[in-house]
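Please look over the model shown here with its surface and its interior in mind. The report below begins with one side chain and works from there towards the whole chain.

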Amino acid sequence: MITWHDLYTVLTAVIPLYVAMILAYGSVRWWKLFSPDQCSGINRFVEIFAVPLLTFHFISTNNPYTMNLRFIAADTLQKLIILTLLTLWANFTRSGSLEWSITLFSLSTLPNTLVMGIPLLNAMYGDYYSDSLMVQVVVLQCIIWHTVLLFLFEYRGAKNLIMEQFPETAACIVSFDVKSDVVSLDGNNVLETDAEIRGDGKLHVTVRKSNASRRSLCSSSMTPRPSNISGAEIYSLNTTPRGSNFNHSDFYSLNFGQSSSRGQTPRPSNFEESCCMASSSGFGYYPGTSGSYPTQNTEFSSSVTKKHHMGGKSSSHEAKGLHMLVLGSNGSPVLDRANEQAGGSDQGAKEIRMIVPDPPQNVETKATGPRNVDSSGEGESERVKEVPSGLHKRWCNSTGELNPNEAVETGPGQHMPPASVMTRLILMMVWRKLIRNPNTYSTLTGLIWALVAFRWNVAMPKIIQQSISILSDAGLGMAMFSLGLFMALQPKLIPCGNSMATFAMAVRFLTGPAVMAVSSMAIGLRGDLLRVAIVQAALPQGIMPFVFAKEYNVHPAILSTGAIFGMLVALPITLLYHILLGL
């Protein structure tokens, strides 16, 4: 039975956290003591020093050899159940989506255990349940579950990048070379992708940040005019070409008989060079976040001619051996070999035009796409046949090799590179994010020290302990102060709207604890262990999931509401759970 003294103890432990948050909120919103730049500096200090040292302090002073494996198993089972259900929902239902699966996983399974959970549960159930069990949960969150969440975000970013810049040739990619200047595929930076057919006859992609100095050669007198398409910026004719440098012309001409296995590997072309030499139209793309390629026209836009294209106008003289390659607004190249008259297909601001070599005409190919080109022999005129829209041509076999004699049409499930290629790409990006996160080092260092110290009874030198303590002691208050600054800088306390906020709170405070109760009872937890597991699952939304959501632009308003509004209502909700479970 919960007594008034127990409630007072809980309030005594938690109210000071809210005092720090309210002071920070008032310092910005009411008293104007801090500017946004100063708030950013405070938040940076908390991110780099205060919270990592606080994490190190808790982990390094907790005995890892006394971990409660059943409690950890119940916590792990809860997250696996929810992750499995969301995966099935995203892949086997029409309403499911990867973005919502990530958001719901964050809301339901990743509470603010470090800042809110340890002091709250210490007041409710004692030192063992806070200093031992909660620290174990923090270790698993930092090492495993935040990494899993980051993996999902990077998978989404890689998927969007590939489908946007390689909508028809994704299944042919066999490797990615990501330059060191690319830290993440979060879509915040303009990325270039160069694709080439190497000596093995396969498609290899290089990813790098856009080179501003190289683009400036073509854009010294050109002002980009962004459209209002959500999630992307598509620039009009005669503007700076950005985004993918995938050599579509070499790729398609190779499949008409110029395979690297039969001759020299075609030299990759470059949109920047095309822009400067032929004044061809440009196309800039900022990797979107909507999960689909933005376009205003679902049909493939194509305009192919054998007239030489100069200055955006068709010349009256034929250029033998040249034809026009036009990319529509969806980035899919379509070759129309018909002898169209000049100006026959003007797509305005949604085209890219490049002069590319005329492919050989003596190789039979199989392709299914918006248009099917039949070459019956050298000297014969080509026949262009329309085929049903929605079909795309693929020129790679199951091994990703580009061989015109073995070209096959990929199946409906082969729209992405092989799983091993995707896994290597995602793990590379996750690693680059983790090694730049101070919490990664504080967690691993604290765990290693705890393993050594409690195994051989080694004490930390006093000078090091005091150096860490002087900052870690301020970590809890500074973390709440930083959260208050963040709340004050937001235009709305509930940015996602009342209905979505209600849904998010239901997922956070009802779904998560309910699944935790089921998994805990399945593992066999009883008594205070069961109560601690349920109350821990009913803590407010963690800060790190919101940071990831904002970086990758995946429902940041919902996660912001979960972190801010969830913190405000967390105290009465957790007290209610504490009272009900104590009956």
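Ile 143 lies in helix 6, where helices are DSSP runs of H or I with at least four residues, strands are runs of E with at least two, and both are numbered from the N terminus. Because its relative accessibility is 31%, Ile 143 counts as partly exposed; buried means under 20% relative accessible area, exposed means over 50%, and partly exposed lies in between, with a 1.4 Å probe and protein chains only. The model is a predicted one, in which local features need pLDDT of at least 70 and side-chain atom pairs count only at pLDDT 80 or more, while totals for chains, interfaces and linings use all residues. Residues are numbered from 1 along each chain as its sequence is written, and side-chain values use heavy atoms, with hydrogens and water left out.

Ile 143 is one of the residues that make a nonpolar surface patch of about 870 Å², others including Tyr 65, Ile 144, Trp 456 and Val 458. Such a patch joins nonpolar side chains (Val, Leu, Ile, Met, Phe, Trp, Tyr) within 5 Å, taken from residues with over 30% relative accessible area and no salt bridge, that is, no side-chain nitrogen of Lys or Arg within 4 Å of a carboxyl oxygen of Asp or Glu. Two or more patch residues come from each of helix 6 (127-165) and helix 11 (438-456), and helix 11 gives the largest share, six residues.

Turning to the interior, the largest nonpolar core has 109 residues, and Phe 71 and Phe 176 have the most contacts inside it; a core is a set of buried Ala, Val, Leu, Ile, Met, Phe, Trp, Tyr and Cys residues joined through side-chain atoms within 4.5 Å. Helix 6 supplies the largest share of this core, 16 residues. Apart from it lies another core, of seven residues, among them Ala 24 and Phe 481.

Leaving aside residues up to four places away in sequence, Phe 176 touches Ile 162, Val 205, Val 207, Pro 417, Val 421, Leu 425 and Met 428, a contact being heavy atoms within 4.5 Å. Strand 1 (residues 173-178) has five of its six residues buried. It pairs with strand 3 (residues 203-209) in the parallel sense over five bridges, pairing requiring at least two DSSP bridges.

| Whole-chain item | Value |
|---|---|
| Helices and strands | 17 helices and 10 strands |
| Buried residues | 53% of the 583 residues |
| Accessible surface | about 26,100 Å², 59% from carbon and sulfur atoms |

The accessible areas come from the Shrake-Rupley method with a 1.4 Å probe.

How values were computed. Patches are made of residues with over 30% relative accessible area and no salt bridge: like charges are joined within 9 Å, nonpolar side chains (Val, Leu, Ile, Met, Phe, Trp, Tyr) within 5 Å.
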